[in-house]
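Here are some exercises to work through with the model open beside you. Each has a task and then a solution in steps.

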Amino acid sequence: MTKPSLPELLHAAVAAVGGTERPGQVTMAETVAEAIDDGSHLLVQAGTGTGKSLGYLVPALAQGERVVVATATLALQRQLVERDLPRTVDALHPLLRRRPEFAMLKGRSNYLCLHRLHEGMPQEEEEGLFDQFEAAAPSSKLGRDLLRLRDWADETESGDRDNLTPGVSDRAWAQVSVSSRECLGATRCAYGQECFAEMARERAKLAEVVVTNHALLAIDAIEGAPVLPQHEVLIVDEAHELVSRVTGVATGELTPGQVNRAVRRAAKLVDEKVADQLQTAAEGFERLMELALPGRLEEVPEDLGYALMALRDAARTVISALGSTRDKSVQDEDAVRKQALASVESVHDVAERITNGSEYDVVWYERHDRFGASLRVAPMSVSGLLREKLFTDRSVILTSATLKLGGDFNGVGASLGLPPEGTQGDDLPVWKGVDVGSPFDYRRQGILYVAQHLARPARDGARGDMLDELTELIEAAGGRTLGLFSSMRGAQAAAEELRGRLDMPILLQGEETLGELIKNFAADEETCLFGTLSLWQGVDVPGPSCQLVVMDKIPFPRPDDPLMSARQKAVDEAGGNGFMAVAATHAALLMAQGAGRLVRASGDRGVVAVLDPRLATARYGSYLRASLPDFWYTTDRNQVRRSLAAIDAAAKEKGTQDA
C-alpha cells in the first residue's frame, strides 16, 4: 500500500472535526512537515480561524516519531486532548494503519496526592500530622472544598486538578497536593502504586503525542532532570507566551513568611542549636524586609548581603542535619522530613543565587498590600537558555496568531535565542518564519481607529477626554464592547464612571470568575466587559456581542518594572535600541493579541479603537500598527461613529429577523 499523502491526511482530519480546509492550514501543514523532515526549526504565524492545531498535528502524527506539544492555556490543552486529538487519530487510523496514542502530562502539584489526602499534612506548629478534614469546619468554604476533594478522589481517573468542576480554592488544593521537592517518591510512598502523577508519567512514556504546558517544558529545560519523555519533535503552541512562562519558572523569591515556615518545619527534626541558627538568620532577614522599598537593587546592599549569607549558611547546616538525623517520635517522619527539606532548600537556593550575584540576574524588592515585602531574582534574559536547551537535538515548531511584529519574525526570534532569519553559522540554529495568513478579510471586516485628537496619556493621570470618547463610542456601538485597559486601576475607574453615564450593563474583571464574565458578556449584546491584560487572550466571543474592542492606551511596560527596565538598559548598553527591543515589542505583542479579539469568525464586523494618539503620531506608531491585523485605518472620529451605528443597526435587524 502506498503511503498516504499529506493533503489526503489533512483532508480526512478536517472532515473528522467538522471543519473547512483553508489554504493557510494546508501551507502550514506542508511547512511543518518540511521542518520535521530536515530537522530545522520553524516559526509559523497562523491567524485566528486557520485551524492551526490540525495544521501541526497532522504532519506530526504522519512522521511517526514522538512529539511533545506544549501550550500556554488550559483551554487549548483541553481542546487538544478532548476534541482535536481523538478525532484526528480516529480519522488517520485507516490511512496510517496505526493508532497513535496520546497523553497529557503536567507538573506534580497539578495532581491530587493520595498520601496527603489520606495521611494529612505535616503539622506546622506541633508534633504529628494535621488532619485537614477534621480541622476545617464542614460549614466553611475550605471544609466543603476538602470534603468534595475526598469524594472526587474516589471517582477521578486522572487526579488532575483541571478535571475537577467546579474548581476549589488554591488553599484547599494545597492541602492535598505536593511539589516535586516534597514528594516522597513512588518507591517510598505507601500510595506509590496508585499515584496519579506517576500514572500520568507512565502514560506519557508510552504515548506518541504528549500534551503539556509551557511551565513543565521550562522546568524540563532549566532543571536538567528530565521530566518529559525523550522526543524528536517539539511543538510550542501559543508561542508568544513562552518567554514570559520560562522567565516565571526561572524566577526565585524570598519572603519572611516563607523563611519562617521553613524554620517551623525544620525545628522539630534538628537539634536546638541548628534550629536556632536558622531562626536568628530568619529574624535578621525579616527586620530588613520591613524597611524594604520597592525597586531594583543594582547592587545588593551590604546589610542585605550579610542577612542572605546568614540565611544561606544556616539553611545549609539544617539541610545537612536533616539528612543525618532520625526521630521516630515524629509521626509519618518521611513526609514531615521531605516537606521541611523542600522548604529549607528553596530558601537556601534563592539566598545563594542572590549572594553569588550573577551579572545575568536582576534582583529587586516588591511590596504587596496584603502579603508585605518580597525579594525577587530573575534572569536578565532567557534567550541564551532557550537557544541552548530548546533548539538542540530536535526539530522545534513554534506557532501563534502573533509572532510577526513590525513586519518580521526577528523580534520574537531574538527573544527565543534565535539569530536573525537567514544567518549562517556552525553553532546557530537554522530556522525560518512563515506567515500563513488568515481566512478573514480584515480590511473588509474591521476598522482600526486611533483617537488622534485626544491628549497624550500621562502616567496615572486622570483622562477625562478619554472617558468622554469611550462613552460616545459605546453609545454608537449599542454596547457590544470589550474594554482592554493597561492597568486594573484604569479598568475600575472607567467602569465606575461609565456605570453612572450609560444605561447598559458594564461587567468588570475581578467581580466574577473570568468564565462567568465571558458567558454573560456573550449572552447579552448590550453588555460591555472591562478588564486588563489577562483578559486580552482569554476572550473568544464571535458574533454581535463583541463589535467594539477598545484599548485605553499603548500597553508599554511600567517604567518602574524592574525586570523590563533592566532588560531595556542592557540592550542600550550593548549598542542596541532598548526601547524598541523590549518596550515596543512587549506592547506590540499585547496589542496584536488584544486586536485579535474582534474578528473571530467570517461574519464578524467591528472596530478596534485605540484611545492613545501616539499610535498615529509617534515614530514607533508605524511599527505597532504593522504588528496588528490589516484593518482599514482611520483617525476620523465621525466616520467611526457612523460605522459603529451602522454595524449596531445591522446587528439589531438581524436579531429581529432571527427572532
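**Exercise 1. Place Arg 97 and describe its backbone.**

Step 1: Start at the surface. Arg 97 counts as exposed, because its relative accessibility is 64% (exposed means over 50% relative accessible area, buried under 20%, partly exposed in between, with a 1.4 Å probe and protein chains only).

Step 2: Now the setting. Arg 97 lies in the loop between H4 and E3, and Arg 97 follows H4. Helices (H or I, at least four residues) and strands (E, at least two) are DSSP runs, numbered from the N terminus.

Step 3: Check the backbone. Arg 97 is not a glycine, yet its phi is positive, about 60 degrees.

A word on the source: this is a predicted model, where local features need pLDDT of at least 70, side-chain atom pairs count only at pLDDT 80 or more, and totals for chains, interfaces and linings use all residues. Residues are numbered from 1 along each chain as its sequence is written, and side-chain values use heavy atoms, with hydrogens and water left out.

**Exercise 2. Follow H4 and find what covers its buried residues.**

Step 1: Look for a bend. H4 has a kink of about 40 degrees centred on Leu 80 (the bend at a residue is the angle between axes fitted to the seven residues ending there and the seven starting there).

Step 2: Pick out buried positions. Among them are Leu 76, Leu 80, Asp 84, Thr 88 and Leu 92.

Step 3: Find the cover. It includes H1, helix H3 (52-63) and the strands E2 (67-71), E3 (102-104) and E6 (209-213).

**Exercise 3. Describe the packing of H1 on H4.**

Step 1: Take the geometry. The axes of H1 (residues 6-16) and H4 (residues 74-96) come within 8 Å and cross at roughly 145 degrees. Axes are lines fitted to C-alpha atoms, for helices over the stretch in contact, and angles run from 0 to 180 degrees between N-to-C directions.

Step 2: List the partners. From H1, Glu 8, Leu 9, Ala 12, Ala 13 and Ala 16 meet Arg 87, Thr 88, Ala 91, Leu 92, Leu 95 and Leu 96 of H4 (contact means heavy atoms within 4.5 Å).

Step 3: Sort them by class. The H1 and H4 contact has eight nonpolar residues, one polar and two charged. Here Ala, Val, Leu, Ile, Met, Phe, Trp, Tyr, Cys and Pro count as nonpolar, Asp, Glu, Lys and Arg as charged, and the others, Gly among them, as polar.

**Exercise 4. Explain why Cys 189 and Cys 195 form no disulfide.**

Step 1: Count. The structure holds zero disulfides (a disulfide is a pair of cysteine sulfur atoms within 2.5 Å).

Step 2: Take Cys 189. Its closest cysteine sulfur, in Cys 113, is 6.1 Å away, so the pair is too far apart for a bond. Cys 189 is buried at 17% relative accessibility.

Step 3: Take Cys 195. The closest cysteine sulfur belongs to Cys 183 at 6.1 Å, which is too far for a bond. Cys 195 is buried, with 17% relative accessibility.

**Exercise 5. Examine two more loop residues, Pro 166 and Glu 238.**

Step 1: Find Pro 166 in the loop between helix H7 (141-155) and H8. A cis peptide bond joins Thr 165 to Pro 166, with omega about -10 degrees.

Step 2: Move to Glu 238, in the loop between strand E7 (233-236) and helix H11 (242-249). Glu 238 has a positive phi near 50 degrees and is buried, with a relative accessible area of 13%.
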